[in-house]
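User: Please take a close look at one helix pair in this model. I would like the geometry, the residues involved and some sense of the context.

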Amino acid sequence: MYNNIIVTESYTNMRAMARKVLSGKWMIFSFGMFIFMLLSALIPSFLGRIIHVFDASIYIESQDEYYEYSRFPFLGPFTLGFSMFVLNFIRTAKTAYDLFFCGFERFFKAFTLFLLMNVFAFLWSILFFIPGVIAYFRYSLAFYILADNPELSAMECLRRSKIMMRGNKGYLFGLNLSFIGWALLAILAVVLMTDTVILFVPYVNIYITSIMQIFLLIPTYILMSYINTANGLFYEIASGHLRQIDNQMY
């Protein structure tokens, strides 16, 4: 299962496969994407502003810059839960939102894995930007591996991800880059929707505006659903759960 399967499926076919998986279920997956963003980004950001123990920064002397990061301890379990959500959706065509919280059943492993991934990526990025990006893709399958193999340690998940990504890092980078056109459309949609709100509702109070911002980001949630489904399919092929014969996946 971890014998370094090289993924050769074309990006066009991978995106087509993702659309097939999402067919008729775009909005329910996008709602799951919204829940994950709420749990992993918006809530930690809010807590960081009111409880400063969750908000921190580090100064990199060589770059003369401060980098902000979150010490919110639940990011690992939520990331594991999201990986479980994606794999379950691909394999069963069902959305199980409760899986977002199943990562807490493996809290310490998920927390340790998230911490190690970020530490390794950060240490490589100190050398230069490109090694940091390579490190990110090298360990990008670790949470999927933990989702499938709860008995593994965090370090073993990282080791297996490193093996699986040999010869695949450039492919996964290119797969994500192939969504650039869709990303531009999503940005354009958000800008147009935002301008419309400002034009017709110029005096709404700050709380209503914050609620509107959630809905204005709907194109982004749809795009992220598309990308994460494609990435999940990449894992399925790289792990041997799906095999391809003459450009057909089985």
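Analyst: What follows covers the packing of one helix pair, then the chain around it. Keep in mind that this is a predicted model.

The pair is helix 8 and helix 11. Helix 8 spans residues 169–177, and helix 11 spans residues 218–238. Their axes lie 10 Å apart. The packing angle is about 155 degrees. Angles over 145 degrees count as roughly antiparallel. Helix 8 is therefore roughly antiparallel to helix 11. The crossing of the two helices is right-handed.

Next, the residues. Helix 8 contributes Y171, L172, L175 and N176 to the contact. From helix 11 come I227, A230, N231 and F234. By class, six residues of this contact are nonpolar and two are polar. None is charged.

Now the surroundings. The protein chain holds eleven helices and four strands. It has 250 residues, and 41% of them are buried. Take the contacts in the chain with a separation of 6 or more: 70% of them join residues 24 or more positions apart.

Last, confidence. Mean pLDDT for the protein chain is 81. A value of 70 or more is reached by 74% of the residues. Residues 246–250 are a stretch where pLDDT stays under 50. For that stretch the model has 14 contacts beyond four places in sequence.

Key
Residues are numbered from 1 along each chain as its sequence is written. This is a predicted model: local features need pLDDT of at least 70, side-chain atom pairs count only at pLDDT 80 or more; totals for chains, interfaces and linings use all residues. Side-chain values use heavy atoms; hydrogens and water are left out. Axes are lines fitted to C-alpha atoms, for helices over the stretch in contact, and angles run from 0 to 180 degrees between N-to-C directions. Angles under 35 degrees count as roughly parallel, over 145 as roughly antiparallel, 65 to 115 as roughly perpendicular and the rest as oblique. A crossing is left-handed if the near helix is turned anticlockwise from the far one by less than a right angle, and right-handed if clockwise. Contact means heavy atoms within 4.5 Å. Ala, Val, Leu, Ile, Met, Phe, Trp, Tyr, Cys and Pro count as nonpolar, Asp, Glu, Lys and Arg as charged, and the others, Gly among them, as polar. pLDDT is the predictor's confidence in each residue, from 0 to 100. Buried means under 20% relative accessible area, exposed over 50%, partly exposed in between (1.4 Å probe, protein chains only).
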